[in-house]
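Me: Kindly examine one part of the model shown below closely, and then place that part within the whole. I am new to this structure and would welcome each term being explained when it appears.

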Amino acid sequence: MRFDIMTLFPELVTGILEESIIGRAQKSGVIEVEAHNIRDYSEDKHHRVDDTPYGGGKGMLMMAPPICRCHSAILEKNTEDGKEIKRKTIYMSPQGQVLTQKKAQELASYDQLILLCGHYEGVDYRVIEEIVDEEISIGDYVLTGGELPACILVDCVARLVDGVLADKECFEKESHSDGLLEYPQYTRPFEFHGRTVPEVLISGHHENIEKWREEKALELTRQKRPDLLDKKGEQGS
């Protein structure tokens, strides 16, 4: 799977995504991540990419031409004769649909995701009309730019790609994967500050362990996120 990120700060993006599991997945060739500097596609001698908005108002707006030229270059570079590429262009925006695990699973089915990172007061709306397939937010708040949200989306989606994690079970039984929060987990030592590991987990009885985990997942979800149970059609009380 390939991720192309259009940004004014490519070093910020690559600095985050070259580390840990996502970095190793790139080195092994399981996924590809490339950050594209939108300034490289400005025809202004100062590489200007922003201007004041029509109608007045504070702040600057990212202009359409450099963004659209950057997008066209990405498409041209990643087009193979006779091969259909399943791709989607996403604008990281507080106005978009909030990213969920279900949305991440949907996006993981694509061959290529092109992510646009806004900055300043956002982008000329004609960019959204011209090239954007979907707007996605990471929460109901505003950041100074779309780079961190883009990194979060890449991490969230990439870990679902075959070969990124060692085993599918790593993500199939964690929080939000089945609509519930994940059950409590423990490791050595057996006793820590007077708290011990639940006996069922060292019993070796796999059926009882699985039952305990299901019960604890439901219990924690009721305590911490009853809204998730409402979405599943259950009572949160």
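Where does Tyr120 lie?

Reply: Tyr120 lies in the loop between β6 and α5. The model is predicted, and local features need pLDDT of at least 70, side-chain atom pairs count only at pLDDT 80 or more, and totals for chains, interfaces and linings use all residues. Residues are numbered from 1 along each chain as its sequence is written, and side-chain values use heavy atoms, with hydrogens and water left out.

The element names follow DSSP runs numbered from the N terminus: helices are H or I runs of at least four residues, and strands are E runs of at least two. Tyr120 is partly exposed, with a relative accessible area of 35%; buried means under 20%, exposed over 50%, and partly exposed in between, with a 1.4 Å probe and protein chains only. Most residues other than glycine have a negative phi, and most peptide bonds are trans. Tyr120, however, has a positive phi near 55°. Ser20, in helix α2, also has a positive phi, of about 55°, although it is not a glycine. A cis peptide bond, with omega about 10°, joins Arg188 and Pro189; Pro189 is placed in the loop between α7 (169-172) and β8 (191-192).

The strand β6 before this loop spans residues 112-117, and the helix α5 after it spans 125-131. Cys117, within β6, is buried at 0% relative accessibility. A disulfide is a covalent bond between the sulfur atoms of two cysteines. Taking a disulfide as a pair of cysteine sulfur atoms within 2.5 Å, the count comes to zero. For Cys117, the nearest cysteine sulfur is that of Cys151, 7.3 Å away. The sulfur of Cys156 is 13 Å from its closest cysteine sulfur, also in Cys151, which is too far for a bond. Cys156 is buried as well, with a relative accessible area of 16%.

Cys117, Gly118 and His119 are in contact with Glu147, where contact means heavy atoms within 4.5 Å. Leaving aside neighbours within four places in sequence, Glu147 also contacts Thr7, Leu8, Phe9, Leu12 and Val13. Glu147 lies in helix α6 (residues 147-158). Glu147 is buried yet has no salt bridge, that is, no side-chain nitrogen of Lys or Arg within 4 Å of a carboxyl oxygen of Asp or Glu. The nearest side chain of opposite charge, Arg39, is 9.2 Å away; Lys and Arg count as positive and Asp and Glu as negative, while His and the chain ends are not counted.

Val13 also belongs to helix α1 (residues 10-17), whose buried residues are Pro10, Val13 and Leu17. Seen down the axis of α1, these fall within an arc of 70°, so they line one face of the helix; the arc is that of the directions from the helix axis to the C-beta atoms. The buried residues of α1 pack against β1, α2 (20-28), β2 and α6.

Both β6 and α5 are among the elements packed against by the buried residues of helix α3, as are β1, β2, β4 and β5. The buried residues of α3 include Ala64, Pro66 and Ile74.

In the wider picture, the protein has nine helices and nine strands. Its C-alpha trace spans about 70 × 40 × 35 Å along its principal axes. Of its 237 residues, 40% count as buried.
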